[in-house]
Amino acid sequence: MYETLKRLYKGGQLRAEQLASAVEKGWLTEAEAKEIKGKD
């Protein structure tokens with residue numbers, strides 16, 4: 001799931017709010033979400 005969400009975020013198909021929702025659902029850890037948002 002991490003790679004899919006990372007690809008979608010980098011492609012502009014996913015917003016930061018949606019990453020936060022994925023963390024709430026247990027799909028990502030908070031650290032993984034920060035990593036996705038922090039790297040290009």
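The mean positions of the 8 positive and 7 negative charges of the protein lie 3 Å apart, where Lys and Arg count as positive and Asp and Glu as negative, with His and the chain ends not counted, and where each charge is placed at NZ of Lys, CZ of Arg, CG of Asp or CD of Glu. This is a predicted model, in which local features need pLDDT of at least 70 and side-chain atom pairs count only at pLDDT 80 or more, while totals for chains, interfaces and linings use all residues. Residues are numbered from 1 along each chain as its sequence is written, and side-chain values use heavy atoms, with hydrogens and water left out.

The secondary structure comprises three helices and zero strands, in the order α-α-α along the sequence; helices (H or I, at least four residues) and strands (E, at least two) are DSSP runs numbered from the N terminus. The largest nonpolar core, a set of buried Ala, Val, Leu, Ile, Met, Phe, Trp, Tyr and Cys residues joined through side-chain atoms within 4.5 Å, has eight residues: Tyr-2, Leu-5, Leu-14, Leu-19, Ala-22, Leu-28, Ala-33 and Ile-36. The elements giving two or more residues to this core are tabulated here.

| Element | Residues |
|---|---|
| helix 1 | 2-10 |
| helix 2 | 16-24 |
| helix 3 | 30-38 |

Leu-19, itself a member of that core, touches Leu-5, Tyr-9, Leu-14, Leu-28, Ala-33, Ile-36 and Lys-37, when residues up to four places away in sequence are not counted; contact means heavy atoms within 4.5 Å. Of the 40 residues of the protein, 20% count as buried, that is, under 20% relative accessible area with a 1.4 Å probe and protein chains only.

Methods
Buried means under 20% relative accessible area, exposed over 50%, partly exposed in between (1.4 Å probe, protein chains only).
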